[in-house]
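The exercises below concern how two chains meet, and each task is followed by a solution that goes step by step.

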Amino acid sequence: MLHATNYTLLEAPTPDCPLPLRVAMAMTGRIAADLGANVLRVEGGCGDPLRSVGAQGNDDGALFSFLSARKSTLHMAEVSGSALMAIAADTDAVITNKGLGGEALALPSDIVVELSCFANDDARKASEFTVAALAGLLSMVGDPDRQPLRLAGHQPAYALGLSAFLGLSSALFGREFGERAGQREVVRANLMDTIVWLNWKAIPMPGTDAEPLMRAGTSGEWQVVRCADGYVAIVYQEADWERLCKALNDPRLSDPALALRADRLRASKRVAALIEDNFTDMSRADIRRMALDHRLPLGPVWSPEELFDDPQCTERDFFAAAQIGSARVPGLPLLMNGKRPGPDTVDAAIIGRATR
Amino acid sequence: MGVLKGCRILDLGIITAGAATSALLADLGAEVIKIESPSYRDPFRAWIPDGPAMSEGAMSPFFRATNRNKRGLSLDLKQPAGRKIMLRLAASSHGLVENFRRGVLERLGLGYETLAGVNPGLVLGSISSQGETGPDSHYVSYGSTLEAVAGMAWHTGYDGDAPVVSGRDVNYPDQVVAIFAASMIVSALHEARATGQGAHLDLSQRELTSYLIGETFISAKDEAAPRIGNADAPYLVQDCFRSADGEWVAVSLEHRDRSKLHQLIGAPEGAHAQQCRQALLDWIGARQGHEAVALLVDAGIAAATAMTGDRLMSETARLWNMAIIPGGDDGGWFKGFPVQLVNQPLAIDRDAPEVGADSRTILSELAGYTDPEIDQFAEEGVIELAD
């Protein structure tokens, strides 16, 4: 437990809260809980819609299980403004969403974090997928001759959760030490701004008239190719090319026609095919070793299940401190003075437990 | 006015991950000093966008975006005098951000133990690809390398096809780490201010990337196909469909939306996923993209055109207001903020510094050196002064 994170945060989505904002809110709370904050989830009589996402049978889905770890749940028959007002009065911070009218509840906490899908009061129905489309991120991933592609998981909502946590931690700092110490602060973040911020390089730079950036996929410089037991991402910058050629020791890569980056870009499919040919007999473990030996940024594609036994994850106890029932999940991606913050063990019973 | 006003951060961050982290701290009001070496600049200074050359000598827009609000110091940390200056600055600072290759800071004689020796309250934020420790701590990586090794690429890709990474122009883990790392540094600054004890933060981008697909580790043993394109629970259908005018229309259709789809396009009542998908494919394929989106949105179905970056400023600007901020010369813009504080707003108060722009002021005002001493440092190549 950190002194600075010894606070109480209330997660208070409105009953009509859009799903992406519920996910974002839960991610903000998850980080706070991992750092040692007391995080209270409000759950109405109909249950949290997150429970059923990806669920099989009556069990909670993996998304809910991951995001609700280390939190306490306040069950309320009906989530009403007056009930939330009473609870929020005893908390340091509340994270909530703007309602469909564009206003958030004026809850009596020192710090109120307000999330929305858009910066304005646009009330259109939105998903993480459609906001990623509007923010240009979808168009950046995948093959140019196929449909735009989303990244795995809930990246738009999780990224909004990170943004909200940055605002929350900053407001907590300001409450103690800022020029307006002790005064109320409102933090605002929205899905659209967060994704545009992440995708900033796609917006043409002032002073240039370069072609707009688009997904390069199988014609791009960085491609994913097959190896003996799976796939590997060929990732490299100009400075890495010589080391890559030396590591592979394939005379075909020394073709003068491939000497310059511009040449290789024009021949990207050929370059990828040549590299893939070299990887035919190499396993991902072999490629990892080669990458380490030759300082190459190659990326063997590991599955989440394989990472439980990955030497890097094992050495750093990345999963060990985050037991949820029989499952294992990543711990907070931070070592502070060599230790991962958070309780040494997690009380599995806390998940979904009602505290009144 | 910023919430971190009064905090001084020494910034050894380069390119995106490190420099963007300290840029966010600067946006929040911290006094951030960007430290480069006479022999090693931030490589972002040399990154010029593809296409027609910018005016000669112009600052790289990538560098400008990730180094606004900072002051500039050019200091050779390999020289004993440079190291001594650095330690003097560290003694009066609250934080230091770095994303060098692992071991570089120690080889410069500036490891955490040394820094804590001159300032026990200092927060050292070390951002690295795979962490300070472990057999892969020296693994060279760019953002998409980490998508592969962290499990994210395993689940990104077209249905039944090969894994996909976000690629060179997104490098997703490099972008997202700045938000997370800045928040962890703020939390540690809070702790340090309250207790007097600083900390060394070991921030692994690979671990963050895995954390951001945390739920997949719970279902890791499921037999489900690893890659399912754009489909995603809880949506009955989610994908992009090509319109008659070549736009990609993104649609997320919930189970309860089927009656809306029936009313709008005549899909069978209670249609299953494949029937809904085919109905959308045919219906959108026969219409202009903007018309299809407008009708779907009016019907209460989540739908949007898949925009490209060049259309964001003109076509979606009313939906966002802080990620990109108009300003600068020639109708330019600054990279803005992913979050805002209403009463102590994040703001951009100064442009990114030229090399060594503030060397003299910083050494004089913050480290207490006299002008003759500063001139001597410049003559010996320990520092660079602005022209």
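**Exercise 1.** Which residue does A:R188 stand opposite in β12(B)?

*Solution.* Bear in mind throughout that this is a predicted model. Begin with the strands: β6 (residues 185–190) of chain A and β12 (residues 340–341) of chain B run antiparallel and are joined by two bridges. Next, locate A:R188, which stands opposite B:Q340 in β12(B).

**Exercise 2.** Describe the extent of the interface of chain B and chain A, and state which residues of chain B lose the most area.

*Solution.* First take the contacts, in which 150 residues of chain B touch 140 residues of chain A. Then turn to the area: about 13000 Å² is buried between chain B and chain A, with 66% of it on carbon and sulfur atoms. Within chain B, the most area is lost to chain A by B:Y158, B:R168 and B:Y211, which together account for 7% of what that side buries.

**Exercise 3.** Examine the polar side of the interface, and test the pair B:D136 and A:R288 as a salt bridge.

*Solution.* The cut-off is 4 Å between a side-chain nitrogen of Lys or Arg and a carboxyl oxygen of Asp or Glu. The side chains of B:D136 and A:R288 meet at 2.6 Å, N to O, and form a salt bridge. Across the interface of chain B and chain A, the rule finds 12 salt bridges, and 50 residue pairs are in polar contact, both residues being at pLDDT 80 or more. Helix α7 (residues 172–195) of chain B supplies the largest share of the side of chain B that touches chain A, namely 18 residues. By class, that side of chain B has 79 nonpolar, 45 polar and 26 charged residues.

Terms used: Residues numbered from 1 in each chain as written. Chains lettered and ligands numbered in written order. Predicted model: local features only at pLDDT ≥ 70, side-chain atom pairs only at ≥ 80, totals over all residues. Heavy atoms only, no water. Contact = heavy atoms within 4.5 Å. Buried area = accessible area lost by both parts, 1.4 Å probe. Polar contact = N/O pair within 3.5 Å; in protein donor to acceptor, adjacent residues only side chain to side chain. Helix = DSSP H or I, 4+ residues; strand = E, 2+ residues; numbered from the N terminus. Nonpolar A, V, L, I, M, F, W, Y, C, P; charged D, E, K, R; others polar. Pairing = 2+ DSSP bridges.
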